[in-house]
Amino acid sequence: MTCAEFQKALPYIIETGGNAEEEQHLRECPVCSDLVQDLRYIVEQAKLLVPMEEPSPKVWDGIKGSLEREGMIRPSRARGRLLGKKSSLPWIGALGAIILIAFGAFLFQRGRQTQPGAALETIATPPVQAISLETVATEQDDQQLLQQVAARRPGSAPLYESNLTQVNAAIADAKKRLGENPNDEDARQSLMRAYQQKAMLYELAVRAVQ
Amino acid sequence: MQNTSRMALGLVAAVALANGAASAQKKEFRYPVSPGASISVANEFGPVTLRAGSGNQIVVTATRRSSKVEVDSTQHGNRVEVRSHFLQAAKPEEGRVDYEIQVPPDASVMVRVSAGPVKVQGLNGDISIEGENSPIEVRDSHGQIHARTVGGAITLTNLYDGHVEAMSVSGPVTLNNVAGKVVTANTTAGPITFSGDCAGEGQYSLSSHSGNIDVSLPASASVDLSARSVMGSVENEFPLQPPAHPTMAVNQGKSFAGTSNAGASSLRLRTFSGKIRVQKL
Amino acid sequence: MPEAEAIERAKKGDPESFEGLYGLHKRRVYSLCLRMTGNTAEAEDLTQEAFLQLYRKIATFRGESAFSTWLHRLAVNVVLMHLRKKGLPEVSLEESLEPQQEDGPKKDIGARDNVLAGSIDRVNLERAIESLPPGYRIIFVLHDIEGYEHNEIAEMMGCSIGNSKSQLHKARMKLRDLLKTSRAEKAVKR
């Protein structure tokens, strides 16, 4: 059997195997053997291609708009946890962004009293939106985050779990102190930094699972 | 009789070096770049070391420990991307790739790792490093430097004239001779250690929720210092002049403030429940 | 929310379940559309269309197959219909089973080349797939990436099983050439 004859039959036998003559040619011919090895390798590698790309948020926006126009779903009402503009983001990414926004909102003079002569704080603040901090990053969100990490990065899950516990404890401490001493600027700053740490943790976790 | 001295032929004993990493494969990638180049590296397991090299090129040497991990290295204009990815499920040792990278000193660098240590030395461009448990070390550099970890230690040494930010949840943060316009270190539980003269008329802010903050200053340090622990304690062994215009109430054991020399740089130490200690170098 | 529950609630018009199903399957659908068209904007439009069709038809889903299989087939049909409208060459119905002259005598007959094994990475493979002519790309994506059998592809594309196998082989041969060229270029750069 010549190489040309073998390669003519190849499309129909590569998956199922050939007849005795074809198999013998494959054993004896290094050129055809290399060719088959290459093609099989390409097929193996193709099987490993996992869906990596994400559509942009506007795809979901388009779908939602169409469904609402067609009356297939009721127009979404504003929900406490996700802002309208951010709702098209993956929820974990949105949560990370929202925590940063909440951090900025908290900085937005909510009960803050400036002491006469107080040194100006020079902490960079993200854009401000007025939302309730209590609705941000609930325990349920933490659980979902940890589940995602556990599913995709099981080796890292204990690290994120223990650090999330520490960050949440810091938030609880600072909130309690602030509740008892509303004018304690340092306690307020501690709370803001704790939220900032939580935002960082979410961001690192999101990147890790992506 | 002529004695023929017979020279014994020296047998060169070729020592067969035991190849401990029989499956290790090294690859080198060289990319010509122009000034202002950037490189991003993403690696799950294995060390990443970046140093300043000579010439206008980026040289990436990647040593992978098994065939279960592959190195993607591509160049897009003046930007190089290097990424390790698993071809199949792999244990940490199998998925490990060791990177040694040389870049032009002004190159910008972004590194994302999970567990492997990161070392950066001698660079002047923007440096951004993120890790989970990875120890991060940056030294002898200046510029914008951002280091963030979940639990990995961050050690910054001999950084000058920079904008430095180090954040970790539980990892220790150590700053030795770090100076610049803005220097910030923040942890939730990790301890912060600082030693240096706070040069550069900058704003230095070290804060932790429950971690201790230890600061060592030379007598020549020109700082306007304030320290407060909301629920913990403070201790000062560094000579300070009381501030002319106090902006913070001084509470024995909980806070103190003062200036040293001209007070050119502002040094702000805050912890919620940790201990703050300032001493003389 | 478990998928089964999301499907039942989506049948009743619950917006959160629509979003939930989208979140679960968007990546796979989009990747399929992107690989088949090689164009981001088209892939996004087709992803949107596939999900809209899904939601319009979801009431008819009875669970005879896995939901993801059903959705996937729907997405493939959306893409193929789009490509037909564009008039892109798909599989020729009259495709000869003889080796095409353009393939020529195999260049490597009589000359051995370095095998590819171990030298392909995901990025290069994706790039090479993107570079394939549309007809080859569709077949390769459907069979080797998405796992459709030749009889299914033949039915979708309106061609014979033999034709499907022949085109797939050509796609793989073309990929082989592209990957070897890419590898050779990298070696020169070093």
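**Entry 1: a ladder of strands in chain B**

I started at B:Gln121, and I found its bridge partner in β11(B) to be B:Arg139. A word of caution for my own notes: this is a predicted model. I then looked up the strands around that pair. Strand β9 (residues 118–121) of chain B and strand β11 (residues 136–141) of chain B run parallel, and 4 bridges join them.

Next I followed β11(B) to its other listed partner. That is strand β13 (residues 154–168) of chain B, which runs parallel to β11(B) and is joined to it by 5 bridges. B:Arg139 turns up again here, since I see it standing opposite B:Thr157 in β13(B). I jotted down a general reminder as well: side chains in a regular strand alternate between the two faces of the sheet.

**Entry 2: two backbone oddities in chain B**

While I was on β13, I checked B:Asn158, which lies in that strand of chain B. Its phi is positive, about 55°, although B:Asn158 is not a glycine. Is B:Asn158 buried or partly exposed? I noted 16 C-beta neighbours inside 10 Å, so B:Asn158 counts as partly exposed.

I found another case at B:Glu201. This residue is not a glycine either, yet it has a positive phi of about 50°. I located B:Glu201 in the loop between β15 (192–195) and β16 (203–208) of chain B. B:Glu201 counts as partly exposed because it has 14 C-beta neighbours inside 10 Å.

**Entry 3: chain B as a whole**

I stepped back for the overall tally. Chain B comes to 0 helices and 22 strands. I also looked up burial, and 48% of the 281 residues of chain B count as buried. For contacts in chain B between residues at least 6 apart in sequence, I noted that 46% join residues at least 24 apart.

**Entry 4: chain A as a whole**

I turned to chain A. Its secondary structure comes to 8 helices and 0 strands, and I read the pattern along the sequence as α-α-α-α-α-α-α-α. Of its 210 residues, 31% count as buried. I looked at contacts in chain A with a separation of 6 or more, and residues 24 or more positions apart account for 59% of them.

**Entry 5: a helix pair inside chain A**

I picked helix α6 (residues 139–152) and helix α7 (residues 157–180) of chain A for a closer look. Their axes come within 9 Å and cross at roughly 160°. How do α6(A) and α7(A) run relative to each other, roughly parallel or roughly antiparallel? Angles over 145 degrees count as roughly antiparallel, and α6(A) and α7(A) are therefore roughly antiparallel to each other. I put the crossing down as right-handed.

I listed the residues in this contact too. From α6(A) I have A:Asp142, A:Leu146, A:Val149 and A:Ala150, and from α7(A) I have A:Ala157, A:Tyr160, A:Glu161 and A:Leu164. By class I wrote down 6 nonpolar, no polar and 2 charged residues.

**Entry 6: where chain A touches chain B**

I then went to the contact between the chains, where 28 residues of chain A meet 26 residues of chain B. On the chain A side, α7 and α8 (185–209) each supply at least two residues. Which helix gives the largest share of that side? I found it to be α8(A), with 12 residues. The chain A side divides into 14 nonpolar, 8 polar and 6 charged residues.

**Entry 7: where chain A touches chain C**

I looked up the contact with chain C last. Here 36 residues of chain A are in contact with 40 residues of chain C. I noted α1 (3–13), α3 (30–47) and α4 (57–69) of chain A as each supplying at least two residues of the chain A side. α3(A) gives the most, with 12 residues. By class, I count 23 nonpolar, 7 polar and 6 charged residues on this side of chain A.

One helix pair across this contact went into the notebook. α4(A) and helix α3 (residues 40–57) of chain C have axes 9 Å apart and pack at an angle of about 35°, and I recorded their crossing as right-handed. In α4(A), I listed A:Val59, A:Gly62, A:Ile63, A:Ser66 and A:Leu67, which meet C:Glu44, C:Thr47, C:Gln48, C:Phe51, C:Leu52 and C:Tyr55 in α3(C). I sorted the residues of this contact into 6 nonpolar, 4 polar and 1 charged.

Terms used
Residues are numbered from 1 along each chain as its sequence is written. Chains are lettered from A and ligands numbered from 1 in the order in which they are written. This is a predicted model: local features need pLDDT of at least 70, side-chain atom pairs count only at pLDDT 80 or more; totals for chains, interfaces and linings use all residues. Two residues are in contact if their C-beta atoms, placed from the backbone, lie within 7 Å. Ala, Val, Leu, Ile, Met, Phe, Trp, Tyr, Cys and Pro count as nonpolar, Asp, Glu, Lys and Arg as charged, and the others, Gly among them, as polar. Axes are lines fitted to C-alpha atoms, for helices over the stretch in contact, and angles run from 0 to 180 degrees between N-to-C directions. Angles under 35 degrees count as roughly parallel, over 145 as roughly antiparallel, 65 to 115 as roughly perpendicular and the rest as oblique. A crossing is left-handed if the near helix is turned anticlockwise from the far one by less than a right angle, and right-handed if clockwise. A residue is buried if 20 or more other C-beta atoms lie within 10 Å of its own, exposed if 12 or fewer, and partly exposed in between; C-beta atoms are placed from the backbone. Two strands pair if DSSP finds at least two bridges between them.
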